[in-house]
Amino acid sequence: MNSDGRSISPFNPQQPVDPDFFVGRDDSIKRVLHRAQESINGNLRIIYLAGKKGIGKTSLAHYCRLCIEKELGAIGFHVFLHGDSGPRTLKDFTYTTVERIIKSRSNEASVMSLIEKIFKKFILEVKVGGVTIKHKELNEFVPNNIPTFYDFLRNLDTELHKKDKSRGVVLILDELDFVASEQYFVDLLKGGSDIAGVDGKKDNILIILCGTIDVFHNMVSKVKRVGDIIDLIEIRRLSEKEVIEFYKRSFSYLSIAITQGGLSVLKQFVDGIPQLMHLIGEETYLNNHQDRAINKREAFIGVRAAAEVWGKKYLKEKIHKLFYNPKYAPILKIFQSNINIELKFSENQILNNLIVKDEDVLFEFLKALEALNVIHKHKDDDDEYWVFNDRLLSLYFQVPHENIY
Ligand SMILES: Nc1ncnc2c1ncn2[C@@H]1O[C@H](COP(=O)(O)OP(=O)(O)OP(=O)(O)O)[C@@H](O)[C@H]1O
Ligand SMILES: [Mg+2]
């Protein structure tokens with residue numbers, strides 16, 4: 001059990017991290033809080049948390065919301081725009097957003113009592129399992145143009161803070177992949193800054209967007225001004241120190257000791273990627289049957305198990321054809337023999353070890369892996385080599401494939 005009596009697992013490879021196990025990101029949090037303060041002073045602010053899949057965008061946005069609520073008194077809502085199947089029109093978008101505002105805090109009595117009062121016309125029932133919405137009524141109510149959307153947020157701010165002295169609404173728009181390529185969405189962001197401060201209205205609104213850097217650039221290419229009004233915060237890999245802090249905190253919570261040797265193996269394979277940090281932590285924990293101290297050996301067992309889970313989940317179906325094509329068998333054997341291919345390798349390293357040195361087949365094989373997001377090419381001044389996109393994939397390749405299937 002943790003401090004507030006919940007029983008939680010520190011390892012959650014599929015979900016945003018529980019705040020008790022959140023590590024790092026101090027600079028980004030400081031920046032977001034600074035913008036939040038500016039928004040509470042009456043200026044609309046928009047932040048974009050940019051990073052690769054699994055790098056921790058949702059977790060950071062969630063953690064920042066909690067900090068803003070605690071330190072500044074604003075109230076926030078996290079809206080998921082469903083990646084590739086997101087809302088296609090402005091009206092769909094505002095519906096999804098308002099619906100989520102009504103539903104997303106239903107297990108927190110203090111916020112929900114405010115929400116119930118504000119949106120009573122559109123709520124059929126509030127139960128333990130969630131909120132039932134009167135869809136027709138809500139559909140008629142939700143904003144259908146840009147100014148009314150911002151009016152809605154302003155009114156929401158006023159209504160939420162009627163009885164306290166604080167101000168501010170935080171709106172997190174997550175999983176932007178699809179909506180960000182829609183013109184209405186980019187216009188909506190730009191529109192916010194166009195109408196800011198008009199009629200002396202205060203906009204105590206902070207919008208936090210979560211997506212990849214490509215999605216950001218795509219938005220800017222549609223409307224250049226969007227780049228000027230959005231504060232871009234890039235989320236990078238965690239440092240080794242942060243990864244170690246995470247494992248120390250997690251295993252201590254589970255009452256399991258971890259040695260320096262164990263920590264150094266785990267951190268090496270995590271390579272700063274938060275999603276792998278959770279997966280490797282979970283497998284290390286689950287494969288440590290007698291709850292022994294995690295030393296090098298236990299850590300390697302965990303890493304190996306994590307590589308299998310990772311590979312099977314994300315690669316098995318995709319690389320099946322490659323693994324079973326006899327043409328590529330000699331190349332695969334090189335990866336699986338101990339010629340010390342680790343994270344990076346050169347084409348010559350493989351060719352030198354092949355009996356029949358067919359460059360075209362090797363090229364085909366490497367290109368196929370590149371297309372599957374397994375490896376990428378790295379060029380520097382005097383060298384050119386291939387790099388596995390993460391260490392677990394590299395390890396997965398080195399497990400003889402008879403064992404994998
Ligand atoms: N700062 C952190 N401290 C500890 N764990 C973290 C941290 N950030 C992310 N994680 C963990 O990493 C994994 C990925 O995090 P998250 O879902 O937030 O990433 P994401 O960038 O939103 O991913 P996606 O692109 O798939 O939406 C989750 O298991 C989460 O619990
Ligand atoms: Mg996410």
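1. From which domains does the shell around ligand 1 draw at least three residues each? In this predicted model, the shell draws that many from each of domain 1 (25-234) and domain 2 (240-313), with domain bounds that come from an automatic or database domain assignment. Local features need pLDDT of at least 70 and side-chain atom pairs count only at pLDDT 80 or more, while totals for chains, interfaces and linings use all residues. Residues are numbered from 1 along each chain as its sequence is written, and chains are lettered from A and ligands numbered from 1 in the order in which they are written.

2. The domain assignment of the protein chain also gives a domain 3 (324-404), beside domain 1 and domain 2. The centres of domain 1 and domain 2, taken over C-alpha atoms, are separated by 35 Å.

3. Around ligand 1 there are 22 residues, of which Val17, Gly56, Thr58, Ser59 and Pro274 come nearest; a residue is near a molecule if its C-beta atom, placed from the backbone, lies within 6 Å of it. The elements that give two or more residues to this shell are helix H2 (57-72) and helix H12 (274-286), where helices (H or I, at least four residues) and strands (E, at least two) are DSSP runs numbered from the N terminus.

4. By class, the shell around ligand 1 has nine nonpolar, 10 polar and three charged residues. Here Ala, Val, Leu, Ile, Met, Phe, Trp, Tyr, Cys and Pro count as nonpolar, Asp, Glu, Lys and Arg as charged, and the others, Gly among them, as polar.

5. Helix H12 is mostly covered, with 10 of its 13 residues buried (20 or more other C-beta atoms within 10 Å of the residue's own, C-beta atoms being placed from the backbone). Among these buried residues are Pro274, His278 and Glu282, and what covers the buried residues of H12 includes helix H10 (240-253), helix H11 (260-270), helix H13 (296-314) and helix H18 (391-398).

6. Strand E1 (residues 45-50) is largely enclosed by the rest of the structure, because six of its six residues are buried. Arg45, Ile47 and Leu49 point one way from E1, whereas Ile46, Tyr48 and Ala50 point the other way.

7. E1 runs parallel to strand E6 (residues 205-211), to which six bridges join it, and Leu206 in E6 is the bridge partner of Arg45. E1 also runs parallel to strand E7 (residues 230-234), joined by five bridges, and there Leu232 is the bridge partner of Tyr48.

Technical notes: Buried ≥ 20, exposed ≤ 12 C-beta atoms within 10 Å, placed from the backbone. Pairing = 2+ DSSP bridges. Contact = placed C-beta atoms within 7 Å.
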